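Got a minute to walk through a fold together? Have a look at the sequence and the model first, then we'll take it apart piece by piece.

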Amino acid sequence: MRARLKKSPGKAYLAAGQADPALQTAFERQVLRGLAAEWENARWLVPAEFRESVRRPLFGIREMPNKLGSWNAARREIALSQELVSRYRWDDVKAVLLHEMAHQVAHEGLRATAETDHGAAFQRACGWLRADPAAAANYRPLSERLRQGDPLDARDRIVVKVRKLMALAESSNANEATAAMRKAYELIARHNLELIQKGAAQTYVSIFIGTPCLRHFREAYHLALLLQDFYFVQGVWIQAWVLDKGKMGRVLEISGTRKNVQIAEYVHGAVSRYIDSAWTDYRRQKGLNRYRKTDFAVGIIEGFKSTLQTAAQCLRTNASSDLPVATNDPALKGYVDRRYCRVRAFSRQGPGHDPRVFADGTETGKKLVIAKGITQKGRAGDLRLEFKPTAEEN
């Protein structure tokens, strides 16, 4: 068994896949391994004629009071700040990594040594890597911006109305709460459909939903489809580093406007917590296994889906003739197609389901009411990096 490691004195390195345990904590080692794995994946986005010139750099974690990351061409090092990796989510860490990698690609691949730091070559590299050119210096990670909200929301007519309806959805009267939630959804949907119909210019963002895992149960895919079908976002399962397993896994990344991503993220968290709570009550004294939880969870999602379908049908019935019925946003589809150039379809099959448990879950799901879906700032977006060291690392 290895001796317990002391905390690194402000920096740690991973060079060519070899970690120096004298300088790193177990957490830092896993983060550095993750940075290397994400860098290798992103390198394949660089066109072949430039890719071979971009060699794997050193990776470092250090105290950086005034910035989140840096690329040092002389040392061939990409360094990220300790604050970033200790306070934020993996998609935030990855965003800064790709920004610094774009500097490396501009320098080594495009040979743009005489340009300014954020010149044309850097912008070109950001396009290849799907990197955010702003993810440096005073940049606030997207998850933080979503949790804190936008000051303009207070003057947004749609947001104000949705907030009022979500407050009504907290009513102890079940019928009143369900009706308020349906009206809130109808308002969100109508607003989005009108924007699509007008072809309004919109800005899209992408965030992780949940945390990267080696395995996702079937309900995760059903919930992803529900978000895509009803909340004006598109989801793609992408590779991402699983910190506590030390391997690449998968995570759902959703894309949409800032408001729609915020709502979808909250709905995902609310439904997931409802499933956990309802399952705890349901399985008590029944001795059911984990696969039966999947049956129950899929039933809950289908039951909640029926509520949303009713709201969508009311919208179609009451809609003006020029309001589009389809929820597909061509501009969002174009954004997703550019961001994910190598998307492939895959399916997950599990063991046979229990129809009784599924039916009970469906009835339970029909009682689910989402309240404050655009205003709460709590657990839905709080997915900071967590690492549980194995016995070998203690």
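What follows is a set of questions and answers on this predicted model.

Q: Which strand has the highest confidence in the chain, and which the lowest?
A: Start with the overall picture: the chain has a mean pLDDT of 80, and 77% of its residues reach 70 or more. Strand by strand, things spread out, with β2 (residues 18–19) at the bottom on a mean of 46. At the top, with 95, is β5 (residues 77–81).

Q: How many contacts does the model have for residues 373–381, beyond four places in sequence?
A: This is a stretch to read with care, as pLDDT stays under 50 throughout residues 373–381. Even so, the model does place contacts there beyond four places in sequence, and the count is 21.

Q: Is β5 largely enclosed or largely open, and how many of its residues are buried?
A: Look at both sides of the strand: E77, A79 and S81 point one way, while I78 and L80 point the other. Residues on both sides are buried. The strand is therefore largely enclosed by the rest of the structure, and the buried count is five of five.

Q: In which sense, parallel or antiparallel, do β3 and β5 pair?
A: β3 covers residues 58–62, and five bridges connect this strand to β5. One residue facing β5 is R62, which stands opposite S81. The sense of the β3–β5 pairing is parallel.

Q: Which residue in the turn between β4 and β5 has a positive phi?
A: β4 (residues 69–72) pairs with β5 in the antiparallel sense over four bridges, and G69 has L80 as its bridge partner in β5. The two strands form a hairpin with four residues between them. In that turn, a positive phi of about 55 degrees belongs to R76.

Q: Which residue forms a salt bridge with E77, and is that partner buried or partly exposed?
A: E77 sits at a relative accessible area of 0%, so E77 is buried. Its salt bridge has closest N and O atoms 3.4 Å apart, and the partner is R75. At 45% relative accessible area, R75 is partly exposed.

Q: How far apart in sequence are the parts that the E38–K94 pair ties together?
A: Side chains of opposite charge can pair when their charged atoms come close. The structure holds 18 salt bridges, and one of them joins E38 and K94 at 3.7 Å, N to O. E38 lies in helix α1 (residues 26–43) and K94 in helix α4 (residues 90–109), so the pair ties together parts whose separation in sequence is 56 residues.

Q: Which residues do salt bridges with shared partners join into one network?
A: For a pair elsewhere in the chain, take E363 and K366, whose side chains meet at 3.3 Å, N to O. E363 is partly exposed at 44%, and K366 is partly exposed too, at 39%. The network built through shared salt-bridge partners is made of R62, R75 and E77.

Q: Is the Y221–W237 ring pair stacked, tilted or edge-to-face?
A: The structure has eight aromatic pairs. For Y221 and W237, the ring centres are 4.7 Å apart and the planes meet at 45 degrees, so the pair counts as tilted. Y221 belongs to helix α9 (residues 218–230) and W237 to strand β7 (residues 234–242), so parts 16 residues apart in sequence are tied together. Both rings belong to buried residues, Y221 and W237, and the geometry is tilted.

Q: Over the face of which residue does R290 lie?
A: Charges sit over rings here as well: K286 lies over the face of Y282, at 4.6 Å from the ring centre. R290 also lies over a ring face, at 3.7 Å from the ring centre, and that ring belongs to F217.

Q: How far apart in space are S143 and Q262, C-alpha to C-alpha?
A: S143 is placed in helix α6 (residues 142–148) and counts as buried at 4% relative accessibility. Leaving out residues up to four places away in sequence, S143 touches Y88, R89 and D92. Q262 is 119 residues away from S143 in sequence, and their C-alpha separation in space is 9.3 Å.

Technical notes: Residues numbered from 1 in each chain as written. Heavy atoms only, no water. pLDDT = per-residue confidence, 0-100. Contact = heavy atoms within 4.5 Å. Buried < 20%, exposed > 50% of the residue type's maximum accessible area, 1.4 Å probe, protein only. Pairing = 2+ DSSP bridges. Salt bridge = Lys/Arg side-chain N within 4 Å of Asp/Glu carboxyl O. Phe/Tyr/Trp six-rings, centres within 6.5 Å; stacked < 30°, edge-to-face > 60°. Lys NZ or Arg CZ within 6 Å of the ring centre and 35° of its normal.
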